[in-house]
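Colleague: I am new to this structure and would like to go through it with you slowly, one question at a time. Could you show it to me before we begin?

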Amino acid sequence: MKNLLFLLTIIILATLGLLWPFFLNFFYCKPDLLLIFMVALVFYTDFKTALIFGILAGLTKDVFLPWQVAINTICFSAWSYLVYRLGRQISTEENYVRMAVVLVVALLNNLIIGIQSVAAGNIMPPGIFLRNLIIVSVYTSLLSPLIFKLTKRIAA
Amino acid sequence: MFKLPRKTLINFILVSCVVLLVSNFLSCFKNPTQKVFKPHLSIIGLVKREILGVIFYHHNMLQSQGLQSDVDSLRWRLFNLREVTQENVRLKNLLNFKQKSPLRLVAARVIGRSIDSWSSSVVIDKGRYDGIKPGMAVISPKGLVGSIAESMDNTSKVLLINDPNQGIFCIVQRSRQEGLVSGTLGSNLIMRYLPDGAQIIAGDIIITSELSQIYPKGLLLGQVVNIGREFSGLNRYALVKPIVDLSSIEEVLVIIL
């Protein structure tokens, strides 16, 4: 039952991402809801469940991107593992620590995608690169408590 | 030395294999996943549009009044243009020109937008079953919108002109100066490879070139807003403002070749 709810949450968050209203964009940026969910799963479920649904979340995101490389699938699985390892090293019980973890993961994820895009020969002004890197990550981090609450309720 | 237990190592290799396998066969997942998303995306999209229509009623009313006056003036211009077109047809027939076959268009509705901020694309509700194939040009009544990046059975992904992966061979309508227009993810496009003495000024209209393999010649793309020199100092570039408001497109037309 829980697994089904997690799957449903991925579908709902992906739908929200695809239909995100333009007036909720912050400097033309939208938050990465699936990334927050992937991190939240590591905090509120066991590692195996978090990894499987993390891969599924990454795959769902890749399906709707115009690229042929499943970069999010690969990155999300790596982040799941690294956040899990981090959770064993430091205490991640406080909400602000979890928000900071989301911020770092979002920054790294956006940095990898941005570098991959630039390395592919695409022109991107530095301002837009930094906008996508910083504002998207901060926006994602600020919205994370909402997804954390939802994930906690499902996982409970 | 760095030691890993055998079980962890095997688990790590297994998971890596699964992830690589999944990422290799990404295209296999695209069609079924988009099929699952299509019905509720269409319904929620409609509901969202109606709700936004109510919220922004006053803005829409003012816009409607402005558009009505535009329609009146355009109607008059259209009447004049019909006369010119008829004259053109008569003259072409007289000169025995080969008549080009008219473009076949498929109308589609936008049901989803880009899921992240690193690409600029939309999902439309028409796919392979409607004859849409990758590489086809997508337009709106105002001008060029983008091209089909992928087509599934019932949906397609459109790469918008402001995506950095786009490269459109264009010309300046006034001086016929050629250049390559690509997206920057920002509100403007960039026209590159302009020589030092390029005949281009702010306000020039940019249209697609006949050298473009995907786009038919003469599609309106945008207007030059600024001109600068590239970092290398060898060429110049022009910033082009797209004619179509890419953030609010709802319906598009796909050119079936």
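Colleague: Is A:Phe27 buried or exposed?

Modeller: This is a predicted model, and in it A:Phe27 sits in the loop between H1 and H2 of chain A, where its phi is positive, about 55°, although the residue is not a glycine. A residue counts as exposed if 12 or fewer other C-beta atoms lie within 10 Å of its own. A:Phe27 has 11 other C-beta atoms within 10 Å, and it is therefore exposed.

Colleague: B:Tyr193 also has a positive phi although it is not a glycine; in which strand is B:Tyr193 found?

Modeller: The phi of B:Tyr193 is about 60°, and with 15 C-beta neighbours inside 10 Å this residue counts as partly exposed. The element of chain B in which B:Tyr193 is found covers residues 189-194 and is strand S8.

Colleague: How are H2(A) and H5(A) oriented to each other?

Modeller: The axes of helix H2 of chain A, residues 33-44, and H5(A) come within 10 Å, and their crossing is right-handed. Angles over 145 degrees count as roughly antiparallel and 65 to 115 as roughly perpendicular, with the range between these two left to the oblique class. The axes cross at roughly 135°, and H2(A) and H5(A) are therefore oblique.

Colleague: Which residues of H2(A) meet H5(A)?

Modeller: On the side of H5(A), the residues met are A:Arg98, A:Val101, A:Val102, A:Val105, A:Ala106 and A:Asn109. By class, the residues of this contact divide into eight nonpolar, one polar and one charged. From H2(A), the residues that meet H5(A) are A:Leu35, A:Ile36, A:Val39 and A:Phe43.

Colleague: And how is H4(A) oriented to H5(A)?

Modeller: The axes of H4(A) and H5(A) come within 11 Å and cross at roughly 150°, and the crossing is right-handed. Since angles over 145 degrees count as roughly antiparallel, the angle of roughly 150° makes the orientation of H4(A) to H5(A) roughly antiparallel.

Colleague: How many residues of the contact of H4(A) with H5(A) are nonpolar?

Modeller: H4(A) brings A:Ile71, A:Cys75, A:Trp79, A:Val83 and A:Leu86 to this contact, while H5(A) brings A:Val101, A:Val105, A:Asn109, A:Ile112, A:Ile113 and A:Gln116. Among these residues two are polar and none is charged, and the number of nonpolar residues is nine.

Colleague: Turning to the contact of the two chains, which helix gives the largest share of the side of chain A that touches chain B?

Modeller: The contact takes 35 residues from chain A and 38 residues from chain B. The elements that give two or more residues to the side of chain A are H1 (2-18), H3 (47-63), H4 (71-89), H5 (95-119) and H6 (126-155). By class, that side has 21 nonpolar, ten polar and four charged residues, and its largest share, seven residues, comes from H3(A).

Colleague: What is the radius of gyration of chain B?

Modeller: Chain B has three helices and twelve strands, and its C-alpha atoms fill a box of roughly 80 × 50 × 45 Å along the principal axes. Buried residues make up 31% of its 257 residues. The globule rule gives 18 Å for 257 residues, and chain B is more spread out than a compact globule because its radius of gyration is well over that value, at 23 Å.

Key: Residues are numbered from 1 along each chain as its sequence is written. Chains are lettered from A and ligands numbered from 1 in the order in which they are written. This is a predicted model: local features need pLDDT of at least 70, side-chain atom pairs count only at pLDDT 80 or more; totals for chains, interfaces and linings use all residues. Two residues are in contact if their C-beta atoms, placed from the backbone, lie within 7 Å. Helices (H or I, at least four residues) and strands (E, at least two) are DSSP runs, numbered from the N terminus. Ala, Val, Leu, Ile, Met, Phe, Trp, Tyr, Cys and Pro count as nonpolar, Asp, Glu, Lys and Arg as charged, and the others, Gly among them, as polar. Axes are lines fitted to C-alpha atoms, for helices over the stretch in contact, and angles run from 0 to 180 degrees between N-to-C directions. Angles under 35 degrees count as roughly parallel, over 145 as roughly antiparallel, 65 to 115 as roughly perpendicular and the rest as oblique. A crossing is left-handed if the near helix is turned anticlockwise from the far one by less than a right angle, and right-handed if clockwise. The radius of gyration is taken over C-alpha atoms; the globule rule is 2.2 Å times the number of residues to the power 0.38. A residue is buried if 20 or more other C-beta atoms lie within 10 Å of its own, exposed if 12 or fewer, and partly exposed in between; C-beta atoms are placed from the backbone.
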